[in-house]
Amino acid sequence: MPTIQAAAGLGLLLLAPLNSTLFLEAPCLSQNFLGHYRNGETTSSLFRLETPDCVQVASNSYLSQEPNALLAAPSSEKRLVWIEHESVDPSLLRSTHQGPLLDDVLDALSARNRDETQQTLSTTESPASPILYRTDTSVLVALPSEEVFTIDTRLPRFWKSTIVPESPSAYRVVSDDSVERVRRVLSELKFSPAVASVVNNISIPHIQNDIRFLTGEDGQSGIVSRHSFSPGARTAANWIKNRIEETGAKCRLENFRLGFAPNVICRYASIVDSNDTIILSGHYDSRGSFGSVRAPGGNDDGSGTTGILSIARTIARKRIRFHTNLELVTFAGEEQGLVGSDAYARQLRAQDASIVLMIQADMTAYRAPDEPLQLGLPERIGTPEVTALVGNISALYSPELTVGYSSACCSDHQSFITQGFPASQVFERAGPIADPMYHNSGDLSERVGYDVNQLYAIAKVQFATALHVAGFEIADSE
Ligand SMILES: *[C@@H]1O[C@H](CO)[C@@H](O)[C@H](O)[C@H]1NC(C)=O
Ligand SMILES: *[C@@H]1O[C@H](CO)[C@@H](O)[C@H](O)[C@H]1NC(C)=O
Ligand SMILES: *[C@@H]1O[C@H](CO)[C@@H](O)[C@H](O)[C@H]1NC(C)=O
Ligand SMILES: [Zn+2]
């Protein structure tokens, strides 16, 4: 293929269907991995191809498969962003007249380009197209780096961006060894009255207060938005840190990129000698309506964040001590493309950390009219053993939840899976996103469909899974 050979010197990208074993066999690919991306009904993996030999390997192995593509890499001052239409319920698209129109996304991107062209009186008729790859529901674009972190404020509703990492990393799979512990707990799983007495102690009134603080509905926090760049996000980060510290954890605010509010990382050290760590998480940053400064994020992801707080408060009330290190983490930068969790998962990988389980709670409170209380598990992006354990634990401790699978995807657990750590997500629904206030400035906690009982039931499941895998002691008898 002469054209491909000639272009290799300029740098090429390979977009290939997810195929774990094949990638591991080709070191020139497996050392140059740029992430997994949801691509319509499939998942695609992106690689940088640096040598003509690698281009040859890629074209021999992958180019006959669909969907895939060899793409010219952009110049080094540009950053890549993957933009996809979220999995949303058809009822939501009809009621808001917002179908998955890629043209709207392209308009949003080119509006900026047009402005700049006019200002500089450029003689070029149209700037080079930023589009490297497109389907009806996804697009890969190359943008000036100063634009990529604000792309979420320009995209039409229901479109979500993920920033492609600047430098490639090693392609990893979640190894058999790393899921061994989860598999063992699953095979021996039975109802534990001790676990039940702990998770049933989660306090609904506390959840209601906490969520009103985070959304600003309580009129006291002063929070208008928790967008990653807003002052409200920093208020929230400090407040979450202080609340969890009061429960006996050691917390730190970890800055991962200039301008972004920090990740809040809290740790309860194991009381027995163990290097293993379990992570329960949510993201506290939020996104509002296009053009609005208000982003209360009551459900996305005030619900997951409040669930984490409710778990911390219960650890303190019941005086739980763990036999494995437990981290409660709330990320920022999720809405800009998993930026905070990507940084933390890479850091843990660089430290060769032993993460035995990670469960992200993202959107747990919305319940559509006439639907039962539900727990949605990831259909695609999730470690199957972790997802199965969470599903079985739900039946034991929150039997009121109907468990099913969701095509809504790609929250912070994805960053952990990319680094080879076992992880999954808990979500509010079997099926796609149905919350009419999704990515809307009306995402408050006091509204029809916001069901704190479902948030509570899902937090119980997240917590019970950690308790079963960690092992623990209770010292609450006073
Ligand atoms: C939780 O447990 C504490 C201490 O055992 C008890 O005082 C409190 O009433 C319980 N709360 C709930 C909601 O069960
Ligand atoms: C934890 O890691 C340290 C350093 O690698 C090692 O010396 C120690 O034996 C490990 N502890 C356990 C319980 O595996
Ligand atoms: C429960 O675990 C089994 C494997 O032991 C799995 O096949 C099943 O799907 C799990 N149930 C749920 C609801 O996740
Ligand atoms: Zn979210």
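1. A good place to start is Asp301, which sits in the loop between β11 (276-283) and α12 (302-317). This is a predicted model, and in it the peptide bond that joins Asp300 and Asp301 is cis, with omega at about -10 degrees. Most peptide bonds are trans. That makes this loop a sensible first stop when you open the structure.

2. Next, have a look at Leu338. Its phi is near 60 degrees, a positive value in a residue that is not glycine. Most residues other than glycine have a negative phi. You will find Leu338 in the loop between β13 (325-331) and α13 (339-350). Is Leu338 buried or exposed? Its relative accessible area is 5%, so Leu338 is buried.

3. His439 makes a natural companion to that point. It has a positive phi of about 50 degrees, although His439 is not a glycine. The loop that holds His439 runs between β17 (423-426) and α16. His439 counts as buried because its relative accessibility is 3%.

4. Staying with α16, let us turn to Ala464. This residue belongs to that helix, which spans residues 452-470. Ala464 counts as buried because its relative accessibility is 0%. If you would like a long-range landmark, take Ala350: Ala464 and Ala350 are 114 residues apart in sequence, and their C-alpha atoms are 29 Å apart in space.

5. Now for the ligand. Which residues surround ligand 3? They are Leu186, Ala388, Gly391, Asn392 and Tyr405. By class, this shell divides into three nonpolar residues, two polar ones and no charged ones. Helix α14 (residues 384-397) gives the largest share of the shell, with three residues.

6. One contact of ligand 3 deserves a closer look. An oxygen atom of the ligand lies 2.3 Å from an N or O atom in the side chain of Asn392. As for cover, ligand 3 taken alone exposes 360 Å², and the protein buries 49% of that.

7. On to the cavities. How many cavities of 30 Å³ or more does a search of the whole structure find? The search finds four. The largest cavity has a volume of about 120 Å³, and 17 residues line it. Nearest its centre lie Lys160, Asp362, Met363, Cys409 and Ile433. Sorted by class, the lining of the largest cavity holds seven nonpolar, four polar and six charged residues. When you view it, the five residues nearest the centre are handy ones to select: Lys160, Asp362, Met363, Cys409 and Ile433.

8. Ser192 offers a small local detail. It lies in the loop between α8 (176-187) and α9 (193-199). From there, the side chain of Ser192 reaches the backbone nitrogen of Val195 at 3.0 Å. Why is Ser192 called buried? Its relative accessible area is 18%, and buried means under 20%.

9. Two strand residues come next, beginning with Leu34. Strand β2 (residues 33-39) is the place of Leu34. Leu34 counts as buried because its relative accessibility is 4%. How far apart in space are Leu34 and Phe47? From C-alpha to C-alpha they are 5.3 Å apart, with their positions 13 residues apart in sequence.

10. The other strand residue is Ala142, placed in strand β7 (residues 138-144). At 8% relative accessibility, Ala142 is counted as buried. Its C-alpha atom is separated by 31 Å from that of Phe427, a residue 285 positions away along the chain.

11. Finally, visit Thr247 in the loop between α11 (231-245) and β9 (250-254). Thr247 has a relative accessibility of 12%, so it counts as buried. Thr247 and Asp107 are 140 residues apart in sequence, and the distance from C-alpha to C-alpha is 48 Å.

Definitions and conventions:
Residues are numbered from 1 along each chain as its sequence is written. Chains are lettered from A and ligands numbered from 1 in the order in which they are written. This is a predicted model: local features need pLDDT of at least 70, side-chain atom pairs count only at pLDDT 80 or more; totals for chains, interfaces and linings use all residues. Side-chain values use heavy atoms; hydrogens and water are left out. On a 1 Å grid over the protein atoms alone, a cavity is a set of points where a 1.4 Å probe fits but cannot get out, and a pocket is an open set with protein on both sides within 12 Å along at least five of seven lines; lining residues have an atom within 4 Å of a point. Grid points are joined across faces, edges and corners, and a volume is the space filled by probe spheres set on the points. Ala, Val, Leu, Ile, Met, Phe, Trp, Tyr, Cys and Pro count as nonpolar, Asp, Glu, Lys and Arg as charged, and the others, Gly among them, as polar. A residue is near a molecule or strand if one of its heavy atoms lies within 4 Å of it. A polar contact is a pair of N or O atoms within 3.5 Å; within protein, one must be able to donate a hydrogen and the other to accept it, and residues adjacent in sequence count only if both atoms are side-chain atoms. Accessible areas come from the Shrake-Rupley method with a 1.4 Å probe; for residues, only the protein chains shown count as cover. Helices (H or I, at least four residues) and strands (E, at least two) are DSSP runs, numbered from the N terminus. Buried means under 20% relative accessible area, exposed over 50%, partly exposed in between (1.4 Å probe, protein chains only).
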